[in-house]
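Reader: Please walk me through this structure before I set anything up with it. I will ask as I go and jump around a bit.

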Amino acid sequence: MTKTRNTGSLQYKSFGLALQAMVILARKASTCSSCEMAELLDSEATALRRILASLVRDQLLVTREGRDGGYILNKAPEDITLAEIYRALEVGESRNKAVNETMCDSTFGNRMKEACDDILDEMDQSVVAVLEQHTLADLTARTVC
C-alpha cells in the first residue's frame, strides 16, 4: 500500500483561501458569488466552493439563491475569530493526520504516533489560542490598501 505524504498542506492552502474570501466578503458587505471571489483570488471556483461549504456548515457564511445570489457573512466581521475559520476547515486535524501518515506501520511507528499526538494537540491549542485573539475585522483592517 502506497501512502500519500504531506496531505495536510492542502488544508493550509484552504485556510489561506478562506481567509482571503472572508476578507472580500467583509469588505463587500453584500453577497458575492464564488466565481467573482475565485477571479479575485486567481483560484478555481469549484475549489473555492468546497472551502466555502465548510464555512456555511459552521454557520460563518450563508448562501443566497437567485440572480443576485452568492455568499454573505453570517455575523459581523468583529464577531468572527480567525480560530472559527481555522476550526471550520479542520486544519489541525488534517495536520495531525498528515504527520501520522508519514510514520511507518510498526512498533516504532506506533510509538512515534503516540508520542507525537500530545505534542501535536498542544501545538494546535497554541495556534487556536493565537487565532482566537484576532477577528476577521482585524485582518480586514490590516489589508486596507
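**Loops, helices and cysteines**

Reader: Starting with glutamine 59, is it buried or exposed?
Author: Glutamine 59 is exposed, at a relative accessible area of 57%, where exposed means over 50%, buried means under 20% and partly exposed is in between, computed with a 1.4 Å probe on protein chains only.

Reader: What sort of model is this, and how were the values filtered?
Author: This is a predicted model, in which local features need pLDDT of at least 70 and side-chain atom pairs count only at pLDDT 80 or more, while totals for chains, interfaces and linings use all residues. Residues are numbered from 1 along each chain as its sequence is written, and side-chain values use heavy atoms, with hydrogens and water left out.

Reader: Back to glutamine 59, where does it sit, and what is its phi?
Author: Glutamine 59 belongs to the loop between helix 3 and strand 1 (61–64), with helices (H or I, at least four residues) and strands (E, at least two) taken as DSSP runs numbered from the N terminus. Its phi is near 60°, which is a positive value in a residue other than glycine.

Reader: And aspartate 42, what is its phi?
Author: Aspartate 42 has a phi of about 55°, positive although the residue is not a glycine. Its place is the loop between helix 2 and helix 3, and with a relative accessibility of 74% aspartate 42 counts as exposed.

Reader: How do helix 2 and helix 3 pack, then?
Author: Helix 2 (residues 34–41) and helix 3 (residues 45–57) pack at about 110°, and their axes are 9 Å apart. Here the axes are lines fitted to C-alpha atoms, for helices over the stretch in contact, and angles between N-to-C directions run from 0 to 180 degrees. The two are therefore roughly perpendicular to each other, given that 65 to 115 degrees counts as roughly perpendicular, under 35 as roughly parallel, over 145 as roughly antiparallel and the rest as oblique.

Reader: Which residues make that contact?
Author: Helix 2 contributes Ser34, Cys35, Met37, Ala38 and Leu41, and helix 3 contributes Ala45, Leu48, Arg49 and Leu52, where contact means heavy atoms within 4.5 Å. Sorted by class, there are 7 nonpolar, 1 polar and 1 charged residues in it; nonpolar covers Ala, Val, Leu, Ile, Met, Phe, Trp, Tyr, Cys and Pro, charged covers Asp, Glu, Lys and Arg, and the others, Gly among them, are polar.

Reader: I see a cysteine there, so how many disulfides are counted, and why?
Author: The count is 0 disulfides, a disulfide being a pair of cysteine sulfur atoms within 2.5 Å. The sulfur of cysteine 32 is 9.9 Å from the closest cysteine sulfur, that of cysteine 35, which is too far for a bond.

Reader: How accessible are cysteine 32 and cysteine 104?
Author: Cysteine 32 is buried, at a relative accessible area of 1%, whereas cysteine 104 is partly exposed, at 39%.

Reader: Zooming out, what does the whole chain contain?
Author: The protein chain has 7 helices and 2 strands, in the order α-α-α-β-β-α-α-α-α from the N terminus. Of its 145 residues, 39% are buried, and 66% of the contacts between residues at least 6 apart in sequence join residues at least 24 apart.

Reader: Give me one of those sequence-distant cases; what does leucine 82 touch?
Author: Leucine 82, in helix 4 (residues 82–88), is buried at a relative accessible area of 8%. Beyond neighbours within four places in sequence, leucine 82 is in contact with Phe15, Leu19, Leu131, His134, Thr135, Leu136 and Leu139. Its C-alpha atom is 9.7 Å from that of phenylalanine 15, which is 67 residues away along the chain.

Reader: Thr135 is on that list, so where is threonine 135 located?
Author: Threonine 135 lies in the loop between helix 6 (107–132) and helix 7 (136–142), and it counts as buried at 15% relative accessibility. With neighbours within four places set aside, threonine 135 contacts Pro77, Glu78, Ile80, Thr81 and Leu82.

Reader: What about glutamine 133, buried or exposed?
Author: Glutamine 133, which lies in the loop between helix 6 and helix 7, counts as exposed at 60% relative accessibility. Glutamine 133 and threonine 81 are 52 residues apart in sequence, with 7.2 Å between their C-alpha atoms.
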